[in-house]
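Okay, thanks for squeezing me in. Have the sequence and the model up on your screens, and I'll walk you through a few spots.

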Amino acid sequence: MKFDDTLIGVVLGIFSVIVFAIALTFPVIPGQNFGASLFPVLISCGLFICAVMLVVQGMRNRAVSRASLVSASWLRDRRAVLRFLLVPASLVFYFELGSTLGFLLCAFIILCVLFRAFGVTWLRTFVVAFVSVMIIHFMFYSVLKVPLPWGLLEPLAW
């Protein structure tokens, strides 16, 4: 599947501007030198820089692929369509079962399914999924103090 870099850059640029504007409305945290908007603003600035670079790259490559913005050859490949649909399906899975199963189990299941769908070996799938989920959980739950759902693992909560 090949999308035109210019199109992706424009969409990413619009998204980054929206995130930036919304982040500026976040409240200031009393007693802090920075507010809740710091990380979203930094991330949106980085996304905007990437968007500009994609637009520039797309404009350079425009002469090569003027025929269409989207090459639909990937639609004939069932595995490619499945992999494409698994990404939004994983979000729906987390939204529906995140509170019941908890972040750790949901994220581990999602990563395992996605890794396997994209051809990662079983051993690497389990190791990387487990390590990634533990690092993400530590960063959000312990460092940033974001309450993640424990779900079925509530008795093991630390």
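I'll go from the front end of the chain towards the back. Keep in mind that this is a predicted model.

Let's start with helix 1, which covers residues 5-23. Aspartate 5 sits in that helix. Is aspartate 5 buried or exposed? Its relative accessibility is 10%, and buried means under 20%, so aspartate 5 counts as buried. And what does aspartate 5 touch? Setting aside residues up to four places away in sequence, the list is Leu54, Val55, Gln57, Gly58 and Asn61.

Now the loop that follows. Phenylalanine 26 is in the loop between helix 1 and helix 2, and helix 2 is 38-61. With a relative accessible area of 33%, phenylalanine 26 is partly exposed. Again not counting residues up to four places away in sequence, phenylalanine 26 has contacts to Ala36, Ser37 and Pro40. If you go from phenylalanine 26 to phenylalanine 39, you travel 13 residues in sequence, and the C-alpha to C-alpha separation in space is 11 Å.

On to helix 2 itself. It has 24 residues, and from first C-alpha to last it reaches 35 Å, close to the 34 Å expected at 1.5 Å a residue. Val41, Ser44, Ala51 and Gly58 are buried in helix 2, and what the buried residues of this helix pack against is helix 1. Pick out serine 44 on your screen. Serine 44 comes in at 1% relative accessibility, so it counts as buried, the cut-off being under 20%. Leaving aside its neighbours within four places in sequence, serine 44 is in contact with Ser16, Val19 and Phe20.

Next, the core. Which residues make up the largest nonpolar core? There are six of them: Phe103, Leu104, Ala107, Val133, Leu148 and Trp150. Helix 4, residues 103-117, gives the most to this core, with three residues. As background, nonpolar side chains in soluble globular proteins tend to be buried together. Phenylalanine 103 is one of those core residues. Not counting residues up to four places away in sequence, phenylalanine 103 touches Tyr94, Gly98, Val133, Ile136, His137, Leu148 and Pro149.

Phenylalanine 103 turns up again in the largest pocket. How much space lies in that pocket? About 230 Å³. The lining is Ser90, Leu91, Tyr94, Phe95, Phe103, Ala107, Ile110, Leu111 and Ile136. Helix 3, that's 78-101, and helix 4 each supply at least two residues of that lining.

Last stop, helix 5, residues 122-143. This one has 22 residues and spans 30 Å from its first C-alpha to its last, close to the 32 Å expected at 1.5 Å a residue. Its buried residues are Thr125, Ala129, Val133 and His137. Why do they end up on the same side of helix 5? Because they cover an arc of only 70° around the axis. The general rule is that an α-helix has 3.6 residues a turn, so residues three or four places apart point the same way. Over on the other side of helix 5, Leu123 and Arg124 are exposed. Helix 4 is part of what covers the buried residues of helix 5. And after helix 5 comes lysine 145, with a positive phi near 60°.

That's my tour, happy to take questions.

Definitions and conventions:
Residues numbered from 1 in each chain as written. Predicted model: local features only at pLDDT ≥ 70, side-chain atom pairs only at ≥ 80, totals over all residues. Heavy atoms only, no water. Helix = DSSP H or I, 4+ residues; strand = E, 2+ residues; numbered from the N terminus. Buried < 20%, exposed > 50% of the residue type's maximum accessible area, 1.4 Å probe, protein only. Contact = heavy atoms within 4.5 Å. Core = buried A, V, L, I, M, F, W, Y, C linked by side-chain atoms within 4.5 Å. Expected span 1.5 Å × (residues − 1). Arc of directions from axis to C-beta. 1 Å grid on protein atoms, 1.4 Å probe; cavity = no way out; pocket = protein on both sides within 12 Å on 5 of 7 lines; lining within 4 Å. Points joined across faces, edges and corners; volume = space filled by probe spheres on them.
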